[in-house]
Amino acid sequence: MRFGPPVTFTRTPAGSRLAYQVVGDGEHDLVFLPGWPSHLALMWENPAFAAFLRGLATFSRLILFDRLGIGLSDRGPTGRAFEDGMDDVRTVLAAVGAQRAAFFGCHLGGRLALLFAATYPQQTTAVVTFGSHPATLRDDDYPWGSTSEEREQLLATVRAGTLDPETVLAGLAPSEAGDASARRWWSTYWHSAATPPESIDEIIAHGPVDIRGLLGAVHTPTLVLHRTGDRAANVEASRYMAARLPRARFVELPGEDHMPFAGDQEGILAVTQEFLTGTPRAVEVDRALLTVMFTDIVGSTALASRLGDRRWRLLLEEHDRAMRSILARFGGREIDTAGDGFLIGFDGPARTIRAAAAAGAGLAEQGIQVRVGLHTGECELVGEKIRGIAVHVAARVMALAGAGEILCSRTVRDLVAGSGFTFSDRGTHQLKGVPDAWQLYAVELL
């Protein structure tokens with residue numbers, strides 16, 4: 001479990017509790033408005049989301065809160081209007097002693113930030129919108145919104161309880177949707193942040209709000225950010241806004257993700273910091289040389305079919321326990337799990353080979369055969385995850401390994417020369433999606 005900053009509570013003039021957090025101690029106060037839904041505790045459970053928030057906090061005093069009716073604030077359908085969200089903002093700003101603040105608003109959060117800036121310009125220093133739009137519903141001169149039929153279908157799906165969180169994630173953050181841990185997190189986040197009645201309240205009360213008529217009244221400096229291929233909100237909506245905001249700067253970014261923490265977040269942080277502070281962001285990418293190990297259970301589909309769901313689940317649990325025990329013994333770091341496989345990082349190739357051999361032998365005693373792929377290379381460290389060409393190479397090597405085989409790149413073999421390992425040449429291969437030809441070797445197990 002990851003722990004975010006402490007959650008503090010304040011009360012609205014009507015006596016309702018609002019949950020908020022403050023991160024960082026920069027000279028610029030920045031309010032983050034994530035749109036719908038939000039949950040102050042669970043957003044820190046996603047490494048990418050946590051990294052993005054901490055990135056904002058490197059150049060600001062970041063202020064986060066859950067609006068009434070969602071997350072850790074007082075819950076239940078509120079029947080409030082969209083504009084009532086401004087009261088939540090003012091209550092939190094007073095609680096943290098902020099006279100003026102900038103805003104980073106995503107989706108509906110961007111709409112609320114622009115409304116606040118037009119209504120309370122004396123309390124607003126700047127606005128950044130991301131993947132936002134001035135109206136949700138389609139109109140004759142605004143063809144990028146949802147139709148009334150689509151809105152009714154959404155309401156019916158929410159009422160029936162058939163809105164699949166994984167389907168929602170695939171539309172909002174396609175780069176995260178293939179990650180099993182991200183899908184688990186999102187499902188928990190989605191179900192915990194808002195109940196179906198609260199979601200229906202949001203759709204009915206906030207969905208029809210249209211701020212196109214007041215864009216000309218937003219005289220605060222505004223940075224409009226949008227990814228070109230955003231699957232949830234058409235980039236034309238942000239182009240429309242930027243053309244009508246008196247002091248707007250429009251920056252179009254590559255990618256399909258609607259959520260700012262998914263995909264390339266450094267570009268967003270860099271342009272946001274420079275816009276809000278006037279100081280370019282010093283982008284520091286952490287890198288380290290790692291030996292990457294991928295494992296996979298051989299014939300898992302046939303094995304699961306033969307054993308049945310219950311016995312297969314028990315076998316997987318035993319497999320995972322055995323793998324984690326071996327990781328602890330040899331100093332490996334679990335990066336990710338996907339179905340019946342592991343992605344693991346090690347500081348050195350020799351101990352990686354020893355761990356792979358121990359895993360193969362130990363699991364074989366339980367009737368489980370695994371294939372293993374190894375490669376050593378420089379990896380980019382992104383929170384608790386790793387990425388880069390070395391990860392792709394190790395995955396492709398594993399895919400070519402036979403049952404019970406530890407297959408590695410020539411880099412691994414050369415680095416452990418003199419360590420007593422024996423290898424068999426498995427020839428030169430063109431790895432899918434990876435340039436050049438790669439010489440592969442199988443570790444000879446005694």
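1. Which residues of E3 are buried on one side, and which on the other? Asp 29, Val 31 and Leu 33 lie on one face, Leu 30 and Phe 32 on the other, and all are buried. Both faces of the strand are therefore covered. Note that this is a predicted model.

2. The pattern follows a general rule. In a regular strand, side chains alternate between the two faces of the sheet. Strand E3 spans residues 29-33, and five of its five residues are buried, so the rest of the structure largely encloses it. The cut-off behind that statement is a relative accessible area under 20%.

3. E3 pairs with strand E4, residues 61-66. The two strands run parallel and are joined by four bridges. Asp 29 has Arg 61 as its bridge partner in E4. Between E3 and E4 the chain passes through helix H1, residues 47-57. This β-α-β crossover is right-handed.

4. E3 also pairs with strand E5, residues 101-106. Here too the sense is parallel, and there are four bridges. Val 31 is bridged to Phe 103 of E5. Val 31 is also among the buried residues of E3.

5. Now the cavities. How many of 30 Å³ or more does a search of the whole structure find? There are two. The second largest holds about 100 Å³ of space. Its lining has 13 residues, and those closest to its centre are Leu 33, Gly 35, Arg 67, Gly 109 and Leu 112. Leu 33 belongs to the buried set of E3 as well.

6. Which elements give two or more residues to the lining of this second largest cavity? They are helix H3 (108-119) and helix H8 (196-206). H3 provides the largest share, three residues.

7. A separate site to inspect is Thr 376, in strand E12, residues 370-382. Is Thr 376 buried or exposed? Its relative accessible area is 6%. The cut-off for buried is under 20%, so Thr 376 counts as buried.

8. The side chain of Thr 376 makes a polar contact of 2.8 Å with the side chain of Thr 291. Thr 291 also appears in the contact list of Thr 376, which leaves aside neighbours within four places in sequence. The other residues in that list are Leu 289, Leu 290, Pro 349, Ser 409, Thr 411, Val 412 and Leu 415.

Note on methods
Residues are numbered from 1 along each chain as its sequence is written. This is a predicted model: local features need pLDDT of at least 70, side-chain atom pairs count only at pLDDT 80 or more; totals for chains, interfaces and linings use all residues. Side-chain values use heavy atoms; hydrogens and water are left out. Buried means under 20% relative accessible area, exposed over 50%, partly exposed in between (1.4 Å probe, protein chains only). Two strands pair if DSSP finds at least two bridges between them. A crossover is right-handed if, with the strands pointing away from the viewer, the path from the first strand over the helix to the second runs clockwise. A polar contact is a pair of N or O atoms within 3.5 Å; within protein, one must be able to donate a hydrogen and the other to accept it, and residues adjacent in sequence count only if both atoms are side-chain atoms. Contact means heavy atoms within 4.5 Å. On a 1 Å grid over the protein atoms alone, a cavity is a set of points where a 1.4 Å probe fits but cannot get out, and a pocket is an open set with protein on both sides within 12 Å along at least five of seven lines; lining residues have an atom within 4 Å of a point. Grid points are joined across faces, edges and corners, and a volume is the space filled by probe spheres set on the points.
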